[in-house]
Amino acid sequence: MAEWFYKVLAMAAVLVLAFEARAQEPVDVTLVLAVDVSRSMSPRELSIQREGYAAALNHPDVIRAIGQGAYGRIAVTMFEWAGNSSIRTVFDWTVVETAADADALSAAVRNSSPVGLRRTSISGAILHALKLLDAAPFDGFRKVIDISGDGPNNQGQPVEEAREVALARRVVINGLPLMTSDGFDGGFNIPDLDVYYGDCVIGGPGSFLVPVTSWDQFPEAIRRKLILEIGGLPDFEGKVMPAQAAPTQFLRPSSKASDCMIGEKIWQQRQWMFDDP
């Protein structure tokens with residue numbers, strides 16, 4: 001009986017070690033794609049956004065960038081977000097190493113059906129992304145949160161506070177500000193969303209943003225952004241560039257140009273008029 005017990009115990013130990021080895025599988029990047037689906041985005045915008053991500057995920061240039069990494073693979077997950085309680089997983093953590101892997105993710109995105117949801121909580125999206133990174137069964141050499149959005153934070157924790165939590169964990173936040181307004185109401189948007197993202201949202205070594213001023217720019221913008229996130233961004237000075245130009249590192253000035261609570265202030269002024277920003 002004792003011999004049998006020790007055999008079982010040994011087998012259990014082997015399984016635990018195998019699981020831990022798998023849990024620590026190294027990848028070049030653990031990347032969280034956080035995609036805005038707030039009701040300020042129109043059905044047309046949601047459709048273009050979905051198709052843009054689907055086309056970028058399995059684009060040959062993106063596959064090539066993955067293959068050039070030290071490990072030749074990344075781990076990625078995607079979720080849609082709006083308000084604090086509006087989170088929907090598009091696909092869970094998945095290793096992308098081959099074109100077939102990327103094709104599967106692209107199909108998962110195309111098969112999703114994004115629906116506009118209430119409010120805009122960038123801070124909630126960042127904090128949810130951090131939970132996903134903590135639970136990731138992979139050891140990413142770099143940990144990156146990729147946030148797209150068409151308006152400022154107007155719900156939940158102040159966005160600067162959420163960003164500081166991420167930076168304390170050495171997580172990089174990159175931004176894709178969508179400077180369009182075809183949706184439910186443009187009154188909750190701000191004209192200098194790219195500056196707001198630079199001052200209040202992005203952060204970490206090599207962090208950058210790629211502004212989109214028209215939806216025909218989106219497919220190329222997200223593709224370039226993924227390539228930079230996978231391959232890393234060299235340290236050089238620069239300023240925000242239009243999405244059709246080569247995006248550069250965004251360095252926050254010593255004195256911020258943005259009020260990082262502007263979204264909350266707009267909401268307080270307009271909430272009596274609108275229920276679903």
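**Exercise 1. The lining of the largest cavity**

Task: In this predicted model, find which helix and which strand each supply at least two residues of the lining of the largest cavity.

Solution.
1. Helix H2 (43–57) and strand S2 (74–81) each supply at least two lining residues.
2. H2 gives the most to this lining, with four residues.
3. The whole lining of the largest cavity has eleven residues; Val35, Gln49, Arg50, Glu80 and Val109 lie nearest the centre.
4. By class, the lining of the largest cavity divides into seven nonpolar, two polar and two charged residues.
5. The space in the largest cavity is about 70 Å³, and the structure holds three cavities of 30 Å³ or more.

**Exercise 2. The second largest cavity**

Task: State the volume of the second largest cavity, list the residues by which this cavity is lined, and divide them into nonpolar, polar and charged.

Solution.
1. The volume is about 50 Å³.
2. Lining the second largest cavity are Leu31, Leu57, Val62, Ile66, Ile74, Val96, Leu105, Leu226 and Ile230.
3. Helix H3 (60–67) and H8 each supply at least two residues of this lining.
4. The lining of the second largest cavity counts nine nonpolar residues, no polar and no charged.

**Exercise 3. The disulfide**

Task: Locate the disulfide found in a search of the whole structure, and explain which parts the pair ties together.

Solution.
1. The search finds one disulfide.
2. Cys200 is joined to Cys260, with an S to S distance of 2.0 Å; this is within the 2.5 Å cut-off for a disulfide.
3. Cys200 belongs to helix H7 (residues 193–201), while Cys260 sits in the loop between helix H8 (218–231) and helix H9 (262–270), so the link ties together parts that are 60 residues apart in sequence.
4. The angle about the S-S bond is -85 degrees, and the link of Cys200 and Cys260 is left-handed.
5. Both Cys200 and Cys260 are buried.

**Exercise 4. Helix H7**

Task: Decide why H7 is described as largely enclosed by the rest of the structure.

Solution.
1. A residue counts as buried under 20% relative accessible area.
2. In H7 the buried residues are Leu193, Asp194, Tyr196, Tyr197, Gly198, Asp199, Cys200 and Val201.
3. That is eight of the nine residues of H7, so the helix is largely enclosed by the rest of the structure.

**Exercise 5. The surroundings of Val32**

Task: Place Val32 in its element, decide whether Val32 is buried or exposed, and list its contacts beyond four places in sequence.

Solution.
1. Val32 is part of strand S1 (residues 25–36).
2. Its relative accessibility is 0%, so Val32 counts as buried.
3. Leaving aside neighbours within four places in sequence, Val32 is in contact with Thr77, Phe79, Trp93, Ala129, Leu132, Leu133, Val144, Ile145 and Asp146.
4. Ile126 is 94 residues from Val32 along the chain, yet their C-alpha atoms are separated by 9.5 Å.

**Exercise 6. Confidence along the chain**

Task: Identify the elements with the lowest and the highest mean pLDDT, and the stretches where pLDDT is below 50.

Solution.
1. For the protein chain the mean pLDDT is 81, and 75% of its residues reach 70 or more.
2. Helix H1 (residues 2–23) has the lowest mean among the elements, 48, and helix H5 (residues 122–135) the highest, 97.
3. Residues 12–21 have pLDDT below 50, and this stretch has zero contacts in the model beyond near neighbours in sequence.
4. Residues 234–254 also stay under 50, but the model has 52 contacts for them beyond four places in sequence.

Key: Residues are numbered from 1 along each chain as its sequence is written. This is a predicted model: local features need pLDDT of at least 70, side-chain atom pairs count only at pLDDT 80 or more; totals for chains, interfaces and linings use all residues. Side-chain values use heavy atoms; hydrogens and water are left out. pLDDT is the predictor's confidence in each residue, from 0 to 100. Contact means heavy atoms within 4.5 Å. Buried means under 20% relative accessible area, exposed over 50%, partly exposed in between (1.4 Å probe, protein chains only). On a 1 Å grid over the protein atoms alone, a cavity is a set of points where a 1.4 Å probe fits but cannot get out, and a pocket is an open set with protein on both sides within 12 Å along at least five of seven lines; lining residues have an atom within 4 Å of a point. Grid points are joined across faces, edges and corners, and a volume is the space filled by probe spheres set on the points. Ala, Val, Leu, Ile, Met, Phe, Trp, Tyr, Cys and Pro count as nonpolar, Asp, Glu, Lys and Arg as charged, and the others, Gly among them, as polar.
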